[in-house]
Amino acid sequence: MPELPEVETIRRQLDKELRGCSFVSVKTDWEKSFRPSFNIVSKAIVGKEIESISRQAKLLIFHLSGGIELLFHLKLTGQLLVRKPSDPADKYVRSVFTLYWRPPQLRELELLELLPKGVPLRKSRRPLEEMKELRFADARKFGFVKLITGKKEMEGLLKGYGPEPLKDLTLNKFSAILKSSSRPVKIVLLDQAKISGLGNIYANDALWLAKVDPRKAGNKVTKGLSKKLYDSILIVLRRGLKYGGASDQWYVQTHGEKGKYQEHFLVYGRSGEKCQRCHTEIKRVAVGGRGTFFCPNCQR
DNA sequence: CGTGGGACCTGAACGC
DNA sequence: TGCGTTCAGGTCCCAC
């Protein structure tokens with residue numbers, strides 16, 4: 001499911017809601033999604049606090065106390081839901097992370113040693129304190145949770161990703177990336193080692209906006225078109241963010257709300273409909289095995 | 001190097 | 001209603 005705008009939307013919400021929460025327990029009925037293993041992950045994170053949550057490409061990175069990181073990849077159908085333990089069950093939940101949140105005023109008292117540290121027993125829970133659940137739902141079970149304990153491991157992993165379009169991808173870098181490949185430009189856009197965060201929806205829409213044929217070889221995209229495509233990528237990603245992501249199928253935000261970008265698709269999913277620019281019928285073909293939507297008249 | 005196909009899994013939508 | 005087919009927002013791995 002989620003591409004950069006979806007993952008970034010979730011990241012912003014999770015960071016706001018879970019910063020300062022500590023892991024109390026983890027449960028799963030799908031151990032395979034934990035790397036290196038459920039027991040290792042569970043043992044490592046229980047008692048640790050979430051200090052912040054960042055993102056690289058489509059990866060969510062939880063930075064925990066003690067210098068460890070917990071990565072989530074939602075793949076096609078993953079959802080991260082923030083609930084109270086008493087909230088009704090959600091479908092396709094494979095793992096539940098129970099979290100405890102202690103408000104800042106209590107943490108101050110804790111620092112002054114006027115309150116005992118750590119997770120209190122149930123009976124000593126104070127009214128301001130909260131238990132939350134982070135539910136990891138995933139219909140197709142492709143998503144995963146990965147524990148990273150070493151700085152080098154993290155650096156190595158991040159090195160496998162290209163620049164972020166809304167941060168460090170410059171026009172020059174982008175043009176060089178296109179020039180370096182004879183593969184169809186759409187395949188290049190989807191290659192996370194070259195550019196972070198684009199997926200099928202936003203790649204299709206960006207190519208339509210720039211009037212570039214998705215099948216055209218990367219190194220045959222002219223300088224002028226390359227600038228146009230670069231601008232279009234930034235535009236569609238910002239639009240995706242503005243609308244809170246695309247809930248075409250499985251994607252939802254952290255409380256189950258849908259995004260709205262699916263109401264504003266430029267070309268994705270519109271085969272058989274008319275091109276919004278020239279009224280030619282939108283076609284669907286396979287490029288690199290993926291559904292690809294484009295206008296055969298105005299994308300060249 | 002590039003490409004194409006299958007694998008990982010399950011659910012939804014559609015045609016008969 | 002049931003069954004079969006196709007498709008799905010991602011990525012990895014392998015044979016050619």
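Mentor: A residue counts as near a molecule or strand when its C-beta atom, placed from the backbone, lies within 6 Å of that partner. We are looking at a predicted model, where local features need pLDDT of at least 70 and side-chain atom pairs count only at pLDDT 80 or more, while totals for chains, interfaces and linings use all residues. Residues are numbered from 1 along each chain as its sequence is written, with chains lettered from A and ligands numbered from 1 in the order in which they are written.

Trainee: Happy with that! Which residues surround DNA strand B?

Mentor: K32, A139, R140, K141, F142, S181, S182, R183, G288 and G289.

Trainee: What makes up that surface by class?

Mentor: Two nonpolar, four polar and four charged residues. Ala, Val, Leu, Ile, Met, Phe, Trp, Tyr, Cys and Pro count as nonpolar, Asp, Glu, Lys and Arg as charged, and the others as polar, so G288 and G289 are polar.

Trainee: Now the helices. Why is α5 called oblique to α8?

Mentor: Helices here are DSSP runs (H or I, at least four residues; strands are E, at least two), numbered from the N terminus. The axes of α5 (residues 171-179) and α8 (residues 223-242) come within 10 Å and cross at roughly 120 degrees. Axes are lines fitted to C-alpha atoms over the stretch in contact, with angles from 0 to 180 degrees between N-to-C directions. Under 35 is roughly parallel, over 145 roughly antiparallel, 65 to 115 roughly perpendicular and the rest oblique. That makes α5 oblique to α8.

Trainee: Which residues of α5 and α8 meet?

Mentor: L171, F174, S175 and L178 of α5 meet K223, S226, K227 and Y230 of α8; contact means C-beta atoms, placed from the backbone, within 7 Å. By class, this contact has four nonpolar, two polar and two charged residues.

Trainee: And what makes α1 oblique to α8?

Mentor: Their axes come within 8 Å and cross at roughly 40 degrees. Set against those angle ranges, that makes α1 oblique to α8. L4, P5, E8 and T9 in α1 meet L237, G240 and L241 in α8.

Trainee: Where do the domains of chain A lie?

Mentor: Domain 1 spans 4-159 and domain 2 spans 171-294, with bounds from an automatic or database assignment. Their C-alpha centres are 31 Å apart. The contact takes 18 residues from domain 1 and 19 from domain 2. On the domain 1 side, α1 (4-18) and β6 (78-83) each give two or more residues, and α1 has the largest share, nine residues.

Notes. Contact = placed C-beta atoms within 7 Å.
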